[in-house]
Amino acid sequence: MIVQDLIKSITDHFSTTAQVNAVFGDSRQIGRKTIIPIATVCTGFGFGGGEGKQARENEPAQEGTGGGGGGGMRTKPLAVLEVTDEETKLIPVIDVTRVVLASLMFAGMATCMITRLLSHGRNK
């Protein structure tokens, strides 16, 4: 019964936190602009259980074993919604590290392909 209560507690918590407010932040007024932050939110959890043996009459008490669990949450900025009287703009948040790594990966693959094509042409 304890495991069922734990599962219910966790799912109740996620049902209250996994709402639109977790993705869209509080709006902020800056001059004539309203800024609304937007993020992606990922959650995960896991847990274990236990077992034990109940002692029979006239026998010493037996012991059991058990396990625990844990969880985590990751929030990543995605964009900013900028609202004015004239227009509404979605301004993406650029992950510079990801862009640089993708560029390096592309450059490396292109170099390999060009080198392979050139060396294949020489062997004929």
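**Exercise 1. Salt bridges**

Task: In this predicted model, how many salt bridges does the count come to, and which residues do they join into one network?

Solution: The count for the predicted model comes to two salt bridges, where the rule asks for a side-chain nitrogen of Lys or Arg within 4 Å of a carboxyl oxygen of Asp or Glu. As a general background, side chains of opposite charge can pair when their charged atoms come close.

Step 1. Take the pair E82 and K33, whose side chains meet in a salt bridge with an N to O distance of 3.6 Å. This pair links distant parts of the chain, since E82 belongs to strand 5 and K33 to strand 2, with their positions 49 residues apart in the numbering.

Step 2. Take the pair E82 and K89, whose side chains meet at 3.5 Å, again N to O. Salt bridges that share partners thus join K33, E82 and K89 into one network.

**Exercise 2. The setting of E82**

Task: Is E82 buried or exposed, and which residues does E82 touch beyond those up to four places away in sequence?

Solution: Step 1. E82 has a relative accessible area of 11%, and because buried means under 20%, E82 counts as buried.

Step 2. The two lysines are to be classed in the same manner: K33, at 36% relative accessibility, counts as partly exposed, and K89, with a relative accessible area of 34%, is also partly exposed.

Step 3. Leaving aside residues up to four places away in sequence, E82 touches K33, T34, I35, E87, T88, K89 and I91.

**Exercise 3. Strand pairing around strand 5**

Task: In which sense does strand 5 run relative to strand 2, and in which sense does strand 5 pair with strand 6?

Solution: Step 1. Strand 2, residues 33–46, and strand 5, residues 70–83, run antiparallel and are joined by 13 bridges. Within this pairing, P37 has V80 of strand 5 as its bridge partner.

Step 2. Strand 5 also pairs with strand 6, residues 88–92, in the antiparallel sense and over five bridges. Here V80 has I91 of strand 6 as its bridge partner, and the two strands form a hairpin with four residues between them.

Step 3. Place these strands in the whole chain, which has three helices and six strands and follows the pattern α-α-β-β-β-β-β-β-α when read along the sequence.

**Exercise 4. Cysteines and disulfides**

Task: How many disulfides does a search of the whole structure find, and how do C42 and C112 count by relative accessibility?

Solution: Step 1. A disulfide is a covalent bond between the sulfur atoms of two cysteines. The search of the whole structure finds zero disulfides.

Step 2. C42, at 36% relative accessibility, counts as partly exposed, whereas C112, at 55%, counts as exposed.

**Exercise 5. Surface and contacts**

Task: Which residues make the nonpolar surface patch of about 590 Å², and is L104 buried or exposed?

Solution: Step 1. The patch is made by I94, V96, V99, V100, L101 and L104. L104 has its place in helix 3, residues 96–122, and with a relative accessible area of 57% L104 is exposed.

Step 2. For the chain as a whole, the accessible surface comes to about 10700 Å², of which 59% belongs to carbon and sulfur atoms, while 8% of the 124 residues count as buried.

Step 3. Turning to contacts between residues at least 6 apart in sequence, 49% of them join residues at least 24 apart.

Definitions and conventions:
Residues are numbered from 1 along each chain as its sequence is written. This is a predicted model: local features need pLDDT of at least 70, side-chain atom pairs count only at pLDDT 80 or more; totals for chains, interfaces and linings use all residues. Side-chain values use heavy atoms; hydrogens and water are left out. Two strands pair if DSSP finds at least two bridges between them. Buried means under 20% relative accessible area, exposed over 50%, partly exposed in between (1.4 Å probe, protein chains only). Contact means heavy atoms within 4.5 Å. A disulfide is a pair of cysteine sulfur atoms within 2.5 Å. Patches are made of residues with over 30% relative accessible area and no salt bridge: like charges are joined within 9 Å, nonpolar side chains (Val, Leu, Ile, Met, Phe, Trp, Tyr) within 5 Å. Accessible areas come from the Shrake-Rupley method with a 1.4 Å probe; for residues, only the protein chains shown count as cover.
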